[in-house]
Amino acid sequence: MRSSVPLSAAMAAIAVFAIWLWGFGGSETILAWAAEGQRDVQNALAQGLRALRAGEPGALATLLALCFSYGFFHAAGPGHGKLVIGGYGIGKPVPLLKLAGLSVTASLAQAAMAVLLVAGGLTLLDWSREQLTSAADDILAPLSYGLISLVGLWLLVRGLRRLLLSRSAAHNHSHENHSAHDAGDCPSCGHRHGPTAEEAENVSSLRDALAIIGTVAVRPCTGALFLLLLTWRMDILWAGIAGVFAMGLGTALLTVAVAVAAVTIRKGALLQLQGASAVRAAAILEILAGAVVAVLASQIFLRAL
């Protein structure tokens with residue numbers, strides 16, 4: 001009975017957080033704080049760009065620090081990787097360092113997407129600033145939120161499958177007895193008849209990582225696009241590119257914090273659980289995480305349409 005206390009606490013924490021976001025204006029409070037921070041940084045960025053162009057000492061370092069701050073505040077807004085990183089970290093047994101690395105990679109891939117969009121739009125398609133921002137806000141933003149919703153549904157469905165399989169597995173232990181023969185070398189012929197459990201997990205992890213990076217990277221930050229356009233017109237595009245990747249690191253700071261919280265919640269929820277109880281508890285966490293991600297992302301997706 002005691003072993004279910006951590007899981008119940010984790011479920012309650014997720015439920016309270018979701019209720020605060022939806023029912024008590026939590027999302028609006030976070031958005032207002034993030035918007036105010038972004039406005040302050042944007043005003044300072046304009047001054048930083050002028051100082052850089054004038055060749056003032058220390059201007060580049062100041063600009064990169066401001067871009068880093070902007071990325072952090074921007075990450076607190078809707079979308080980005082925190083939803084999918086948090087949901088994936090709670091729903092899957094991912095090591096903290098691996099999830100943190102995934103957070104940083106996704107944020108930097110999003111910065112690279114901004115550079116590619118501006119470079120392609122300006123050089124290949126001859127787009128204006130309005131066309132670039134329209135492509136990011138009207139097309140790529142809903143696409144990103146829709147993909148994040150699908151990731152949530154994917155976690156939910158996979159959790160349900162594992163919960164059902166865990167119940168059926170309680171009545172059948174033959175697979176465990178024969179797994180060494182099925183996954184490893186055959187004692188009679190010396191050949192392998194299938195991938196090992198570790199190899200199968202590695203393939204799944206790589207597929208998961210690519211899906212998460214893709215959902216985050218597909219929608220570049222509007223602030224990054226503006227910075228690139230401004231520096232391009234000021235003939236200091238190299239500084240804009242450096243600033244955009246500094247924004248990506250600022251975004252990564254928040255998503256890494258979310259990754260730490262997600263892994264901590266998962267470990268605390270599964271503390272003292274073993275065997276079939278641990279499997280069922282992990283499946284329940286995956287279902288809850290997937291449901292929260294799917295609902296939140298769907299809400300943002302509908303607002304973006």
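This is a guided walk through the structure shown above, from its overall plan down to single residues.

Before we start, keep in mind that the model is predicted, so local features need pLDDT of at least 70 and side-chain atom pairs count only at pLDDT 80 or more, while totals for chains, interfaces and linings use all residues. Residues are numbered from 1 along each chain as its sequence is written, and side-chain values use heavy atoms, with hydrogens and water left out.

Let's begin with the overall plan. The protein chain has eleven helices and zero strands, where helices (H or I, at least four residues) and strands (E, at least two) are DSSP runs numbered from the N terminus. Read along the sequence, the pattern is α-α-α-α-α-α-α-α-α-α-α. Of the 305 residues in the chain, 45% are buried. Here buried means under 20% relative accessible area, exposed means over 50%, and partly exposed lies in between, using a 1.4 Å probe and protein chains only. A contact means heavy atoms within 4.5 Å. Among the contacts in the chain with a separation of 6 or more, 79% join residues 24 or more positions apart.

Now step inside. A nonpolar core is a set of buried Ala, Val, Leu, Ile, Met, Phe, Trp, Tyr and Cys residues joined through side-chain atoms within 4.5 Å. The largest such core has 33 residues, of which Leu45, Leu63, Cys67, Val244 and Met247 touch the most other members. At least two residues of this core come from each of helix H2 (26–53), H3, H5, helix H6 (129–169), helix H9 (222–233) and H10. To see how one member fits in, look at Leu45: leaving aside neighbours within four places in sequence, Leu45 is in contact with Leu63, Leu66, Cys67 and Met247. There is also a second, separate core of 24 residues, including Val263, Val292, Val293 and Ala297.

Next come the empty spaces. On a 1 Å grid over the protein atoms alone, a cavity is a set of points where a 1.4 Å probe fits but cannot get out, and its lining residues have an atom within 4 Å of a point. The structure holds three cavities of 30 Å³ or more, and the largest has a volume of about 70 Å³. Grid points are joined across faces, edges and corners, and a volume is the space filled by probe spheres set on the points. The largest cavity is lined by 13 residues, of which Gln110, Cys221, Ala224, Met247 and Gly248 lie nearest its centre. Helix H3 (59–75), helix H5 (96–123) and helix H10 (237–269) are the elements that give two or more residues to this lining. By class, the lining of the largest cavity has six nonpolar, seven polar and no charged residues; Ala, Val, Leu, Ile, Met, Phe, Trp, Tyr, Cys and Pro count as nonpolar, Asp, Glu, Lys and Arg as charged, and the others, Gly among them, as polar.

Some single residues are worth a visit too. Gln38 lies in helix H2 and counts as buried because its relative accessible area is 15%. Leaving out residues up to four places away in sequence, Gln38 touches Tyr70, Phe73 and His74. Gln38 and Gly223 are 185 residues apart in sequence, yet 9.1 Å apart in space, C-alpha to C-alpha.

His74 is also a contact of Arg219, as are Gln110 and Asp137, among others. Arg219 lies in the loop between helix H8 (197–217) and H9, and counts as buried because its relative accessibility is 11%. Thr215, in helix H8, is buried as well, with a relative accessible area of 5%.

Phe73, which we met beside Gln38, brings us to the one aromatic pair in the structure. Phe72 and Phe73 form this pair, which is edge-to-face, with 5.9 Å centre to centre and 75° between the planes. Rings of Phe, Tyr and Trp (its six-membered ring) pair if their centres lie within 6.5 Å; planes under 30 degrees apart count as stacked, over 60 as edge-to-face and the rest as tilted.

Our last stop is Asp235, in the loop between H9 and H10. Most residues other than glycine have a negative phi. Asp235 has a positive phi of about 60° although it is not a glycine, and counts as exposed because its relative accessibility is 65%.

Key
1 Å grid on protein atoms, 1.4 Å probe; cavity = no way out; pocket = protein on both sides within 12 Å on 5 of 7 lines; lining within 4 Å.
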